[in-house]
Amino acid sequence: MIRRDCLELLAGKMTDQLVVTSQSGQRIEWSHLSQHEGNLLVGMMGCAVGVGMGLSLALPHRKVIVLDSDGSVLLSLFNLATLGNLRPKNLIVYVFDNGVYSGSRISYPTATAGNTDLEAMARGAGIKKALTIRDVETFKKNGLGALEQNELAFIVCKVEESLMHREIPRPTTDLAENKYTFVRYLERTEGKPFPFIGRG
C-alpha cells in the first residue's frame, strides 16, 4: 500500500474537518493534495497527536484528523495513554507506518520494522478502536469508514517506503503563515475570536 494513494482517498472526503499533519512525508504530500485552510501543518516530529487531541477536546463538535507517522508516534508514546483515557469521539489518528525514518533521507529502520506493534500499544493504552490496515481496499472500507463514526479511532496504515514526497515542490507559504491562516479559519467558522499570541 502506498501512502499517497490513501491520502488521495482521504482528500476526496474532506469538507470542514480539521487536519493536523506531523513533520514527515505526509505533510508534504497532504499540502500538495489539499490547500484547505483547515490544514495545520505541524513542523515538528512527535507533536501532531497532542495538537490534534487538544483541538478535538476544545472543539468537540468538529471532526479532527491527524496524519502521523510511525517515527513521530514512537517519539511521543505518552500521547497514547492520554488518548486512551480521554477518548475524544471526534478524533481520528491515521499513522502511516513505513518502518523507516524516510523523512531524514537516511531511511534508518524504526522500531515498527522489528517487533513493535503500534496497534497493540494503542489497545494497551485503552484505545478501543485501534486497527491495522495493509491494503487499499481495506482502507477504503475501514479507514474512510471511520470518518462517518462518532468514536476515537487509531488507524495504523502499513505502507511501503515512498520517496515521492522528495520530488513534490514545497508549499509557497511557511509554517508560521500556515498557523495563522488556520487560526483565522477557526475564528471565521466558529464565529468568535481566539486569544492568540505567538511568533510561529
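Is Y108 buried or exposed? I took this up as my opening entry, working from a model that is predicted. Y108 has a relative accessible area of 58%, and because the cut-off for exposed is over 50%, I noted Y108 as exposed.

I then looked up where Y108 sits, and found this residue in the loop between strand 4 (91-97) and helix 6 (118-124). On the surface, Y108 forms a nonpolar patch with M45, L75, Y101 and I106, and together these residues have about 540 Å² of accessible area.

Next I turned to N79, which lies in helix 5 (residues 78-86). N79 is buried, its relative accessible area being 7%. Leaving aside neighbours within four places in sequence, I listed G46, V49, G50 and M53 as the residues in contact with N79.

For the interior, I noted that the largest nonpolar core has 27 residues, and that L83, L91, V93, I127 and F154 are those with the most contacts inside it. Among the elements that give two or more residues to this core are strand 1 (18-21), strand 3 (64-69), helix 5, strand 6 (153-158) and helix 8 (175-190). The largest share, four residues, comes from helix 3.

I followed L83 further: not counting residues up to four places away in sequence, L83 touches V49, M53, P88, L91, V93, I127 and L152. Apart from the core of 27 residues lies another core, of 22 residues, among them L10, I65, Y94 and F96. As background I wrote down that, in soluble globular proteins, nonpolar side chains tend to be buried together.

Definitions and conventions:
Residues numbered from 1 in each chain as written. Predicted model: local features only at pLDDT ≥ 70, side-chain atom pairs only at ≥ 80, totals over all residues. Heavy atoms only, no water. Patch = residues over 30% accessible without salt bridge, like charges linked within 9 Å, V, L, I, M, F, W, Y side chains within 5 Å. Areas by Shrake-Rupley, 256 points an atom, 1.4 Å probe, with all protein chains shown as cover. Salt bridge = Lys/Arg side-chain N within 4 Å of Asp/Glu carboxyl O. Buried < 20%, exposed > 50% of the residue type's maximum accessible area, 1.4 Å probe, protein only. Contact = heavy atoms within 4.5 Å. Core = buried A, V, L, I, M, F, W, Y, C linked by side-chain atoms within 4.5 Å.
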